[in-house]
Amino acid sequence: MTQTARTKVFFTSDAHLGSGYHQDPLAVEQRLVRWLQHIEPEARAVYFLGDMFDYWFEYRAVVPRGYVRFLGQVALMSDRGVEIHFFAGNHDVWFRDYVQQELGAQVHHHALECVLDGKRFRLAHGDEESQSEGWTSAFLYRLFRNPLAQLLYGAVHPRWTVGFALACSLRSRRKGLKQATLGQVPHAYHNEYFDLEQETLIRWTKDYAAQHPEIDYYLFGHRHLLVDLALRGDRRVLILGDWLRYNSYAVWDGSALYLDQWEVED
């Protein structure tokens, strides 16, 4: 049997594994794993652009329970030569060295610029760039990455921190959805005519791109939008959607970059 050539690079984000917002968290993980199994024969690299976990905090010798199907599939792909990258998102910012040692993955705590087949990509979760949308976003970004805050948080027993973090995440997700349905945010899911020009990451990218013409493609997660927008010339900005509504991802095949959705039934 001829083995499929590994020529494609895949990008995805915001699975929020373990989130109480999922009606069936296990089904979401299984769906994600089936997608990884589907792309594995032709994937040369997979970039997870943050918030793959709804909560992740590594202690020195302890990691959160669960996600074994996902982590096992990622480890298998890494063992078979697929390059794996994890980006810290605002929900799973507290990576230490577990995924490097156990999965053979690379971890990125800030944006990454890389060249793939002659094209320059800027990859990021998007929470750093979204600090401009308000003082709360800027405050939380700095707080979550503050070494002292992490040290103090890690001193509290997980029986208290895990439940607290997941509850906060669920409350934030429900509040965001309520605001969206009321039309109080520009990316309202129930408003198909929202003004994309007002989206935080779009504004940030246009300002940044004006100073960095060398970058061809910008890819983000974080905002739970499915966006593919042309900039000047052949440059583009993509926001990857999520695995809460879209089961979405991007593909770079060496000459074309496009968004797609995994539509296999559970």
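Biologist: How much area does the protein expose?
Modeller: This is a predicted model, in which local features need pLDDT of at least 70, side-chain atom pairs count only at pLDDT 80 or more, and totals for chains, interfaces and linings use all residues. Residues are numbered from 1 along each chain as its sequence is written, while side-chain values use heavy atoms and leave out hydrogens and water. Areas come from the Shrake-Rupley method with a 1.4 Å probe, and for residues only the protein chains shown count as cover. Carbon and sulfur atoms supply 51% of the exposed area, which is about 13,600 Å².

Biologist: What share of the residues counts as buried?
Modeller: Buried means under 20% relative accessible area, exposed means over 50%, and partly exposed lies in between (1.4 Å probe, protein chains only). Of the 266 residues of the protein, the buried share is 47%.

Biologist: How many helices and strands are there?
Modeller: Both are DSSP runs numbered from the N terminus: helices are H or I with at least four residues, strands are E with at least two. By that count the protein has seven helices, and its strands number 11.

Biologist: Which strands stand at the edges of the open five-stranded sheet?
Modeller: Two strands pair if DSSP finds at least two bridges between them. The order in this sheet is β5-β6-β7-β9-β8, with mixed pairing. One side of each edge strand is left without a neighbour in the sheet, because each has a single partner; these strands are β5 (112–116) and β8 (226–230).

Biologist: Which residue of β6 stands opposite C114?
Modeller: Strands of a sheet pair through backbone hydrogen bonds, either parallel or antiparallel. Here β5 and β6 (residues 119–123) run antiparallel and are joined by five bridges. Opposite C114, in β6, is F121.

Biologist: Which helix packs on this sheet?
Modeller: The helix touches β5, β6, β7 (217–220), β8 and β9 (236–240), where a contact means heavy atoms within 4.5 Å. Axes are lines fitted to C-alpha atoms, for helices over the stretch in contact, and angles run from 0 to 180 degrees between N-to-C directions. The direction of this helix makes about 150° with that of β7, and the helix, at residues 200–211, is α7.

Biologist: Which strand is largely enclosed by the rest of the structure?
Modeller: This strand pairs in the parallel sense with β1 (residues 8–12) over five bridges and with β3 (residues 83–87) over four bridges. Its Y47 stands opposite F11 and opposite H85. Five of its six residues (43–48) are buried, so the enclosed strand is β2.

Biologist: What is the handedness of the crossover from β1 to β2?
Modeller: A crossover is right-handed if, with the strands pointing away from the viewer, the path from the first strand over the helix to the second runs clockwise. The chain passes from β1 through α1 (residues 25–39) to β2, and this β-α-β crossover is right-handed.

Biologist: How far does α1 reach from its first C-alpha to its last?
Modeller: The expected span of a helix is 1.5 Å times one less than its number of residues. For the 15 residues of α1 the expected value is 21 Å, and the helix comes close to it by reaching 22 Å.

Biologist: Is D51 buried or exposed?
Modeller: D51 sits in the loop between β2 and α2. Most residues other than glycine have a negative phi, yet D51 has a positive phi of about 55° although it is not a glycine. Its relative accessibility is 1%, so D51 counts as buried.
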